[in-house]
Amino acid sequence: MSEALLSHAVTAAKRARRTAGRVRRRVEQINTVPVLGARARPRPALRPAHLSVLVGRTLNLAVPWPPGATAVTEAHLVLERRGRRQSIPLEREPQPDGRLLLTATAPLRHARHDDATAPGPRLDDGIWRLTVAATDADGQETRYGIAAPDVPASDGPTLPSPPSATSGASFRPVRSVDGHALLKVTGPREHAELIRFDLRWDRVTVHGRLIAAGSPPDDYAVEAVRRGSGTALALTPAWDGDRFVFDVPLDAMTRGVATQRMWDFQLRRGRTRLRIARRLTDVRRPKKVFRTPFRTIATEDGALLRVHAHLSAAGTFAVSCAPFPTTEDSA
């Protein structure tokens, strides 16, 4: 290899290391919060083998018990915030190498936006401290903090901390500046969640749900808005609690139009506009994953339409439609 090529390779490697370092520091900053109620004597911390919140609402934890420490007869994971506590039992799992692993899998619930009868600890908005409380055979309790695991700086197909599909709340593991693991809870914002849409041969039916509603469902109007013009068509949905269903008005959307038009759908309450979108998902790029075909749909008056109901890059629901030309030759 020539000296010039070697010099370019070394420069490229240094640039790649600097870029990776900036990305890692940025991720750490995003996931780092100030120390809450710092103690004069910080507790020793256990480094977890695994800590995550899967599908937005299931806490998974596995921490090794320190070798040589007092034998554990009972253990709990304690979540604390401003004097409030929630406790999750930890299972004791002996390992083949003689170590003891403390594990927990528990559903997380938002205190105000989840069903009150649903199982699992109920948490309100804020930062929750994580502590392992272990009891030995003599009834003596030992408490450990949990060290924050390393945050992978990856850009995979799924989000590391998606919102809960039941409430829309976010339960995100974060780290304190002193390296301890914390749980950040954020309630949902008001939005119109797309549950699914059905492609039939004569219609497109939309199923949705109103999340964190600011008013009763009857206060919301549903509209189809033509992109680029502001033209709006009022729709009549069927409500069942916070859930709604409506058929896309394909006849009205293509009446007097010869070319393709794009339409968005929204819920309106006063000056509030809520675009119907798929947000309660762990998919990073909805448009690339939730792909739908173009469909030929026959309307009640006999017209044939070319319809494409799909999700945009931001996850919003949209429909493009245009009538097929009807000439004597094509007939």
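A cavity here is a set of points on a 1 Å grid over the protein atoms alone where a 1.4 Å probe fits but cannot get out, and its volume is the space filled by probe spheres set on the points, which are joined across faces, edges and corners. The model is predicted, so to speak of local features takes pLDDT of at least 70 and side-chain atom pairs count only at pLDDT 80 or more, while totals for chains, interfaces and linings use all residues. Residues are numbered from 1 along each chain as its sequence is written, and side-chain values use heavy atoms, with hydrogens and water left out.

A search of the whole structure turns up 1 cavity of 30 Å³ or more, and the largest has a volume of about 30 Å³. Its lining (residues with an atom within 4 Å of a point) includes Trp65, Thr70 and Asp136.

On to the strands (DSSP runs of E, at least two residues, numbered from the N terminus). An open antiparallel sheet has 4 of them in the order 3-4-8-7, pairing meaning at least two DSSP bridges. Strand 3 (50–54) and strand 7 (91–94) sit at the edges. Strands 4 and 8 share 7 bridges, and Pro64 has Leu101 as its bridge partner.

As for aromatics, 6 pairs are counted, with ring centres within 6.5 Å (six-membered ring for Trp). Phe265 and Phe317 are tilted, neither stacked (under 30 degrees) nor edge-to-face (over 60), at 5.3 Å centre to centre and 40° between the planes. Phe265 is buried (under 20% relative accessible area, 1.4 Å probe, protein chains only) at 0%, and Phe317 is buried at 0% too.

Key: 1 Å grid on protein atoms, 1.4 Å probe; cavity = no way out; pocket = protein on both sides within 12 Å on 5 of 7 lines; lining within 4 Å. Buried < 20%, exposed > 50% of the residue type's maximum accessible area, 1.4 Å probe, protein only.
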